[in-house]
Amino acid sequence: MLGYDYSREGLYFITSCVKDCACIFGEVTDAEMQLNQYGQIAADQWRWLERQYPYLAIHAFVVMPNHVHGILEIDYEGKASGAKIKSVSELISAYKTTTSKQIRQAGLTDFAWHRSFHDHIIRHEKAYHNILQYIQDNPARWQSDTFFYSPLR
């Protein structure tokens, strides 16, 4: 949202896609996401964000074959005295950079994320619960997902 301070305390729904919607993180089998080594890196680095930035809490996330969804919360209470709070854009940039580096080192040398990401500011409890349910149900709805890609589709 134009003019919004994305380093403000609050809840943010994030979606980030792999370049060209390439399915490189694993596959959905029986409504469950089965992460491969690259998907495990993507999941581990999402958790790394929370360890790296004490003012950041992860409420939920899912790594899908070609994208990641998550709810992030910026909470100043965890902020170290004098520490700069990174914006959502800076946090996702750190995530993408570290994930890309590790995936390339693991052998997928041409890995890349889509240039930007989608964000939504969560302002109400009802919206939070709807998004949380969406994240939890994402693997079960993979075949009808916006980001579903199949050469046969």
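This report describes two helices of a predicted model, the contact between them, and a few single residues.

**Helix α1**

Helix α1 covers residues 37-52. Its 16 residues, at 1.5 Å a residue, should span 22 Å, and the C-alpha atoms at its ends are 22 Å apart, so expectation and model agree. At the N-terminal end, asparagine 36 acts as a cap: one of its side-chain oxygens lies 2.9 Å from the backbone nitrogen of tyrosine 38. Tyr38 is itself one of the buried residues of α1, which also include Gly39, Ile41, Ala42, Ala43, Gln45, Trp46, Trp48 and Leu49. An α-helix has 3.6 residues a turn, so residues three or four places apart point the same way. The cover over the buried residues of α1 includes the strands β1 (10-17), β3 (32-35), β4 (56-63) and β5 (67-74), together with helix α2 (88-105).

**Helix α2**

Helix α2 has 18 residues, for which 1.5 Å a residue predicts a span of 26 Å; the end C-alpha atoms are 26 Å apart, which agrees. Buried in α2 are Val88, Leu91, Ile92, Ala94, Tyr95, Lys96, Thr99, Ser100 and Ile103. Among the elements that cover them are β1, α1, β4 and β5. After α2 comes glycine 107, with a positive phi near 125 degrees.

**The contact of α1 with α2**

The axes of the two helices, α1 and α2, come within 9 Å and cross at roughly 145 degrees. The crossing of α1 past α2 is right-handed. From α1, the contact is made by Tyr38, Ile41, Ala42, Gln45, Trp46, Trp48 and Leu49. From α2, Leu91, Ile92, Ala94, Tyr95, Thr98, Thr99, Gln102 and Ile103 take part. Sorted by class, the contact has 11 nonpolar residues, four polar ones and no charged ones.

**Single residues**

The table lists four residues with their place and relative accessible area.

| Residue | Place | Relative accessible area | Class |
|---|---|---|---|
| Cysteine 21 | loop between β1 and β2 (26-29) | 26% | partly exposed |
| Aspartate 30 | loop between β2 and β3 | 73% | exposed |
| Serine 100 | helix α2 | 7% | buried |
| Arginine 104 | helix α2 | 37% | partly exposed |

Serine 100 counts as buried because its relative accessible area of 7% is under 20%. Apart from neighbours within four places in sequence, serine 100 is in contact with Phe111 and Trp113.

Arginine 104, also listed in helix α2, is partly exposed at 37%. With neighbours within four places in sequence left aside, arginine 104 is in contact with Thr109, Phe111 and Ala112. Phe111 is thus named for serine 100 and for arginine 104. Arginine 104 and tyrosine 38 are 66 residues apart in sequence, and their C-alpha atoms are 9.2 Å apart in space.

The two loop residues in the table are listed for their backbone. Most residues other than glycine have a negative phi. Cysteine 21, which is not glycine, has a positive phi near 55 degrees. Aspartate 30, likewise not glycine, has a positive phi near 50 degrees. Cysteine 21 counts as partly exposed because its relative accessibility of 26% falls between 20% and 50%. Aspartate 30 counts as exposed because its 73% is over 50%.

Terms used:
Residues are numbered from 1 along each chain as its sequence is written. This is a predicted model: local features need pLDDT of at least 70, side-chain atom pairs count only at pLDDT 80 or more; totals for chains, interfaces and linings use all residues. Side-chain values use heavy atoms; hydrogens and water are left out. Helices (H or I, at least four residues) and strands (E, at least two) are DSSP runs, numbered from the N terminus. The expected span of a helix is 1.5 Å times one less than its number of residues. Buried means under 20% relative accessible area, exposed over 50%, partly exposed in between (1.4 Å probe, protein chains only). Contact means heavy atoms within 4.5 Å. A polar contact is a pair of N or O atoms within 3.5 Å; within protein, one must be able to donate a hydrogen and the other to accept it, and residues adjacent in sequence count only if both atoms are side-chain atoms. Axes are lines fitted to C-alpha atoms, for helices over the stretch in contact, and angles run from 0 to 180 degrees between N-to-C directions. A crossing is left-handed if the near helix is turned anticlockwise from the far one by less than a right angle, and right-handed if clockwise. Ala, Val, Leu, Ile, Met, Phe, Trp, Tyr, Cys and Pro count as nonpolar, Asp, Glu, Lys and Arg as charged, and the others, Gly among them, as polar.
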